[in-house]
Amino acid sequence: QVQLVESGGGLVQPGVSLRLSCAVSGRPLSNLAMGWFRQARGKDREFVAAISWNGGSTYYPDSLKGRFTISRDNFKNTVYLQMNSLKPEDTAVYYCAGDLAMSGGYYDNDGHAMDYWGKGTLVTVSS
């Protein structure tokens, strides 16, 4: 049974940084490419970041590249999303996801290719 559990969300002010974590259990993290997605109220799900099984490749939409950083620690079975200079429009539920295809890539916004999903953690950036 593969489980993904996000943590680290909360209420923050614009301009600050926040790091989300995703703890993976049930299989070695090195078996999975990993990604982050988010969904704001009233909006479709959005691809945020992805990373290959060994961390050798990372992927971001142009709108977030340089401000968000995905990383992984396979020994700790944990994936991270570092978010800097947070903006009110970053407010969303952030979901961690795993892909049995290990290379990762630029995923579609709906994340259809992902095999495992966490339940999400809410990030709220005040106006």
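**Notebook: the disulfide and its surroundings**

I looked first for cysteine pairs and found that Cys 22 and Cys 96 are joined by a disulfide, with an S to S distance of 2.1 Å. The model I am reading is a predicted one. I then searched the whole structure and recorded one disulfide. I recall that a disulfide is a covalent bond between the sulfur atoms of two cysteines.

I noted the geometry of the link next. The angle about the S-S bond is -80°, and the link of Cys 22 and Cys 96 is left-handed. I placed both ends in the chain: Cys 22 belongs to strand β3 (residues 18–25) and Cys 96 to strand β9 (residues 92–99). The two cysteines are 74 residues apart, and the pair links distant parts of the chain.

I asked whether Cys 22 is buried or exposed. Its relative accessible area is 0%, and because buried means under 20%, Cys 22 counts as buried. I repeated the check for Cys 96, which is also buried, at a relative accessible area of 0%.

**Entry: Val 79**

I followed the contacts of Cys 22 to Val 79, which touches Cys 22. Val 79 sits in strand β8 (residues 78–83). I read its relative accessibility as 0%, so Val 79 is buried.

Which residues does Val 79 touch, leaving out those up to four places away in sequence? I listed Leu 20, Ser 21, Cys 22, Leu 29, Met 34, Trp 36, Ile 70, Ser 71 and Arg 72. I also took the C-alpha to C-alpha distance from Val 79 to Glu 6, which is 9.1 Å for a sequence separation of 73 residues.

**Entry: the whole protein**

I counted the secondary structure and obtained zero helices and eleven strands. Read from the N terminus, the order of elements is β-β-β-β-β-β-β-β-β-β-β.

I compared the radius of gyration with the expectation for a compact globule. For 127 residues that expectation is near 14 Å, and the protein has 13 Å, so the two agree. The C-alpha trace spans about 40 × 25 × 25 Å along its principal axes.

I recorded that buried residues make up 43% of the 127 residues. Among contacts with a separation of 6 or more, 60% come from residues 24 or more positions apart.

I closed with the surface and the charges. The exposed area is about 6,600 Å², of which carbon and sulfur atoms supply 46%. There are 12 positive and 11 negative charges, and their mean positions lie 6 Å apart.

Technical notes. Residues are numbered from 1 along each chain as its sequence is written. This is a predicted model: local features need pLDDT of at least 70, side-chain atom pairs count only at pLDDT 80 or more; totals for chains, interfaces and linings use all residues. Side-chain values use heavy atoms; hydrogens and water are left out. A disulfide is a pair of cysteine sulfur atoms within 2.5 Å. Helices (H or I, at least four residues) and strands (E, at least two) are DSSP runs, numbered from the N terminus. Buried means under 20% relative accessible area, exposed over 50%, partly exposed in between (1.4 Å probe, protein chains only). The radius of gyration is taken over C-alpha atoms; the globule rule is 2.2 Å times the number of residues to the power 0.38. Contact means heavy atoms within 4.5 Å. Accessible areas come from the Shrake-Rupley method with a 1.4 Å probe; for residues, only the protein chains shown count as cover. Lys and Arg count as positive and Asp and Glu as negative; His and the chain ends are not counted. The place of a charge is taken as NZ of Lys, CZ of Arg, CG of Asp or CD of Glu.
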